[in-house]
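Me: Could you walk me through this one with a few questions and answers?

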Amino acid sequence: MYFYFIQFKRIIRDMTAPARWILTISLSLALAVTAIAQRTAAATVQHISTPLTVLTNMRLIDGTGAPPRDHVTLVLADGKIQKICDDTKSCDVPTAGTNANLVGKTVMPSLISAHSHLALLNAEGNFDSAQYTEENVIKQLEQYERYGVTTIVSLGLNKDIIFDLRDKQKKGQVDGATVLTVGRGIGVPNGFPPMGAGDNQLYRPKDAAEARRDVDETADHHADLIKIWIDENHGKFPEMSDDIARAIISEAHKRGLRVAAHVYKLEDARRIVNEGVDILAHSVRDKDVDDSFIALLKSKGTWYLPTLTVDESFFVYADRPDFMQSTFFRDSVPAETYARLTSDAYRNKVLSDKDTQQHRQDFTIATRNLKRLYDAGVNIGFGTDSGAVLGRLPGFSEHRELLLMVNAGLTPLQAIACATSHNAAEMHLSDRGTLKADMNADLLVIDGDPSKNITDTSHIAAVFHHGHRIEHIESAK
Ligand SMILES: [Zn+2]
């Protein structure tokens, strides 16, 4: 019944007049949305379709990297893109009265983060296992969705309740960004990841046999991927042994699951890709990549997630950039975290921390490596590690990542393609990531033109997820 209840809530929200054809005009946004009520008794129908929506006269970025198209009309029905007309004037749309002038607005696929985390931090931004509750997970999924990130991969440190939540979400019973997950993930005893996650949130196998059992338990939950951590933290931590890593990768592949690895060093990345890992979940940051590494990634088809915001998050707030004043940023941060990030104590600590210089250097190398790997034709995806530690902010960080990728030398359309069509390919999601007929109606309406100015993605006029319009967030101006 809960399913019907939340669907009913959505229908009520979408229908503001008792008619078969409903026109909802958002005057403040000059965005017109039509809805058809195709049902009379919502609580009794088996399959509830979403409202029909017509978006006219848009600039369309389709997510493939192709140039934008102007004056496009999109028809959304039943949660899908029913059709796209390149000529608005001759488009046969099944309604009248929806001709709001949307010139100047852009529609693009909503974002997919292939590396995020859920419900790990308390209001101050510190890791706290008690935070991982169903309520907090859903709250965070809703935040991603409001920010236009409608699919996320929760890449480790999940409690097993995530599997049940994901399954309920597939039935339409849980709102927010669509979640895929690795479950707990597999770390190293007394090593990475360093947070004090308990046994119910992380595996730390002591030998290969235990590692295989951990993979099997994760696979039995129908996880979407397996996650491992390969990092000795500048010699401070023990690293996952080769035989454990090999056992995990072979067992995962036997169970039909691919493996994503946290990495930092070039030599670790090279070794683990040679072992058959499928996704590098961070940039190589200790050294510039070399030709043989590039050739290796290309020959194996390995995916590479730059996560530039990871390195920047260690120091950017101490530099007090202008964006910290924006509503778009502030709305993504709990008040206590905001107070901490803007405090003199925090700034002084970061600026005097001997690791800060290392983080700045890591960021510079990661940025350089992204451009080189992209130009060489390596599979580049998109992720942020949002939600993992202080200052990695669900929703906000994804828009920041797009800018950092552009600053690295990608064009805005290339960065957007990484976060949409590339990531859909990376996660084998054939129903999203590109705007064309029959794909999910997962899209953003943007004030401005992100193909020219990537920061326009933060000027969100509307988010659609499965054809439902998501509650508006105040956009950055
Ligand atoms: Zn992570």
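**One residue and one helix pair**

Me: Which residues does C85 touch, not counting residues up to four places away in sequence?
Reply: Contact here means that two C-beta atoms, placed from the backbone, lie within 7 Å. Leaving out residues up to four places away in sequence, C85 touches V72, T73 and C91.

Me: Good to know! What are we looking at, and how are residues numbered?
Reply: This is a predicted model, where local features need pLDDT of at least 70, side-chain atom pairs count only at pLDDT 80 or more, and totals for chains, interfaces and linings use all residues. Residues are numbered along each chain as its sequence is written, from 1.

Me: Is C85 buried or exposed, or in between?
Reply: A residue is buried with 20 or more other C-beta atoms (placed from the backbone) within 10 Å of its own, exposed with 12 or fewer, and partly exposed in between. C85 has 16 C-beta neighbours inside 10 Å, so C85 counts as partly exposed.

Me: How are α13 and α14 oriented to each other?
Reply: Happily, the axes (lines fitted to C-alpha atoms over the stretch in contact, with angles from 0 to 180 degrees between N-to-C directions) of α13 and α14 come within 9 Å and cross at roughly 135°. Angles under 35 degrees count as roughly parallel, over 145 as roughly antiparallel, 65 to 115 as roughly perpendicular and the rest as oblique. The two helices, α13 and α14, are therefore oblique.

Key: Helices (H or I, at least four residues) and strands (E, at least two) are DSSP runs, numbered from the N terminus.
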